[in-house]
Amino acid sequence: MKRLMCFLLVFMITFTALPGSVQNVYAGAVRVSGTISINGLTNADIAGRGYNIRFDWYRDYNMTQLAFSKTHTDIAGVPYTFSHYVSQEGLFDIRVYLDMDKDNVFDTNEPYQVISQYVDFSSEVSGLNIVLTAPPAPLPTSILTGSINAAGYTREECISNGYIIRRSLYHDPGLTQKIAEGDESLNDLPLSYWWTFYVDQGQYYLFVYMDKDGDGILDEDEPRQKLPVPLDPDNRIDDFTINLMPAATLQGSIRSNIPESINGISVQLFHNGDTDEAPIATALADETGNFEFRGVTAGDYTVVAENPSGFVPVQIVNVSVVEGEIKSVGELMLVKVDLDGNNRTDIDDLMTVALSYGSVKDGPGWDTRADLNCDGRIDEIDLKILNQYYGHAW
Ligand SMILES: [Ca+2]
Ligand SMILES: [Ca+2]
Ligand SMILES: [Ca+2]
Ligand SMILES: [Ca+2]
């Protein structure tokens, strides 16, 4: 019997509270309605973007005591006619704003107005004409929507381990000039996302990684992806797919006709064509000449060996790296063509090659210095290399 009474009561309230019905005031709630327009934004600016309008009802004008909120989703245009029911009485300060990134948070670029309104259950509030004004900040110039995937990871392990997706937007491909960043809990795979960037038109670079240990630092075992993004004013890019991949490793070795010079020599990694800029990474060769770069993202690189005095500069260009691979860049030949160290490649150096000409490694007459291409033979190839630099001052 009691249950039936409850049901009847709920039914009556639901029925009398229907918007558009004659009575817009009933016990415990009142209808609030009006229109919202936005200074500087036309219907065409709004249409198709699916912005939200959000009402945050506060108990105080400092807007610290939030009583409740109401979100009107995906508004089709302006002026927007709104209507909602309020089930609390008293004086409120209400911030109404265009929630452009739909995060239910007032952001400083979002058009807004704050109004004071007294509400009691005895009289409907209608005819509120609210004008949202954009603060003097740039409007969102680009919105990215899409999905993030991570090869080799399951949804379950990402969620149970609390992995975090961290994203940053950069001006430059070398990822040194960061202009925006944000985090996201990994609660699904593929993770769908909606990001708004407040940037000028241009070519940007998005770097996203899965922060598995949550330390805010990209570690070698954390999948990542760097993608160029063209951002245009007021542009929206849908279905932008990000595939997080493990980092690659680049390996190589240095050989020299002066073997003792190899240990500890530095090797630098650059993006192709960027050798005038700071290197992306630096590695030191061990005593056998081996070096390694870990955590390398996909791209085209140039590997440059340090150039001690008297040595011929050496680099390898167009090293194309694919995510996750372990790639050998081969050998960098660090050649010294001033064999006696008098800062010139001259007749004495030529004599050194000539005297050991025809010898093989560690055989009679062998002189390691004269094997300029490190092939274990002193022959016409070594003479040619020396000839190429004959007369050069170092
Ligand atoms: Ca917002
Ligand atoms: Ca980390
Ligand atoms: Ca010399
Ligand atoms: Ca040789």
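Q: What makes strand 10 (residues 164-170) and strand 11 count as a pair?
A: In this predicted model, strand 10 and strand 11 are joined in the antiparallel sense over seven bridges, and since pairing requires at least two bridges found by DSSP, the two strands qualify as a pair. One of the facing positions is Ile164, which stands opposite Ser185 in strand 11.

Q: Which strands are called the edges of the sheet with the order 11-10-13-14, and what makes them so?
A: This open sheet has four strands with antiparallel pairing, and its edge strands are strand 11 (178-185) and strand 14 (224-231), each of which pairs on one side only. From one strand to the next the twist averages 20 degrees.

Q: Why are strand 4 (66-72) and strand 7 (112-119) said to stand at the edges of their sheet?
A: The sheet concerned is open, has four strands in the order 4-3-6-7 and is paired in the antiparallel sense. Strand 4 and strand 7 each have a single partner strand, so one side of each is left without a neighbour in the sheet. Neighbouring strands here are turned by 20 degrees against each other on average, with direction ignored.

Q: How do you know that strand 3 (residues 52-58) is paired with strand 6 (residues 90-99)?
A: Seven bridges join these antiparallel strands, and as at least two are required, strand 3 and strand 6 count as paired. As one instance, Trp57 has Ile94 in strand 6 as its bridge partner.

Q: Why is helix 4 described as parallel, antiparallel, perpendicular or oblique to helix 5?
A: The axes of helix 4 (residues 347-355) and helix 5 (residues 380-389) come within 10 Å and cross at roughly 175 degrees; angles over 145 degrees count as roughly antiparallel, and helix 4 is therefore roughly antiparallel to helix 5. The contact is made by Asp349, Leu350 and Val353 of helix 4 together with Asp382, Leu383 and Leu386 of helix 5, and by class it has four nonpolar, no polar and two charged residues.

Q: Why is the protein called compact or spread out?
A: Its radius of gyration is 34 Å, well over the 21 Å that the globule rule gives for 394 residues, so the protein is more spread out than a compact globule. The C-alpha trace spans about 110 × 50 × 35 Å along its principal axes, and the protein has five helices and 22 strands.

Q: What shows how domain 2 and domain 3 are placed with respect to each other?
A: The domain assignment gives domain 1 (18-132), domain 2 (142-244), domain 3 (249-334) and domain 4 (347-389). The C-alpha centres of domain 2 and domain 3 lie 29 Å apart, while five residues of domain 2 are in contact with seven residues of domain 3, contact being judged by C-beta atoms within 7 Å. On the domain 2 side, these are one nonpolar, one polar and three charged residues.

Q: What makes the backbone at Pro79, Pro190 and Lys102 worth noting?
A: Most residues other than glycine have a negative phi, and most peptide bonds are trans. The bond from Val78 to Pro79 is cis, with omega near -10 degrees, and Pro79 is found in the loop between strand 4 and strand 5 (80-86). The bond from Leu189 to Pro190 is also cis, with omega near -5 degrees, and Pro190 lies in the loop between strand 11 and strand 12 (191-197). Lys102, in the loop between strand 6 and strand 7, has a positive phi near 55 degrees.

Terms used
Residues numbered from 1 in each chain as written. Chains lettered and ligands numbered in written order. Predicted model: local features only at pLDDT ≥ 70, side-chain atom pairs only at ≥ 80, totals over all residues. Axes fitted to C-alpha atoms, helices over the stretch in contact; angles between N-to-C directions. Domains from an automatic or database assignment. Contact = placed C-beta atoms within 7 Å. Nonpolar A, V, L, I, M, F, W, Y, C, P; charged D, E, K, R; others polar. Parallel < 35°, antiparallel > 145°, perpendicular 65-115°, else oblique. Rg over C-alpha atoms; globule rule 2.2 N^0.38 Å.
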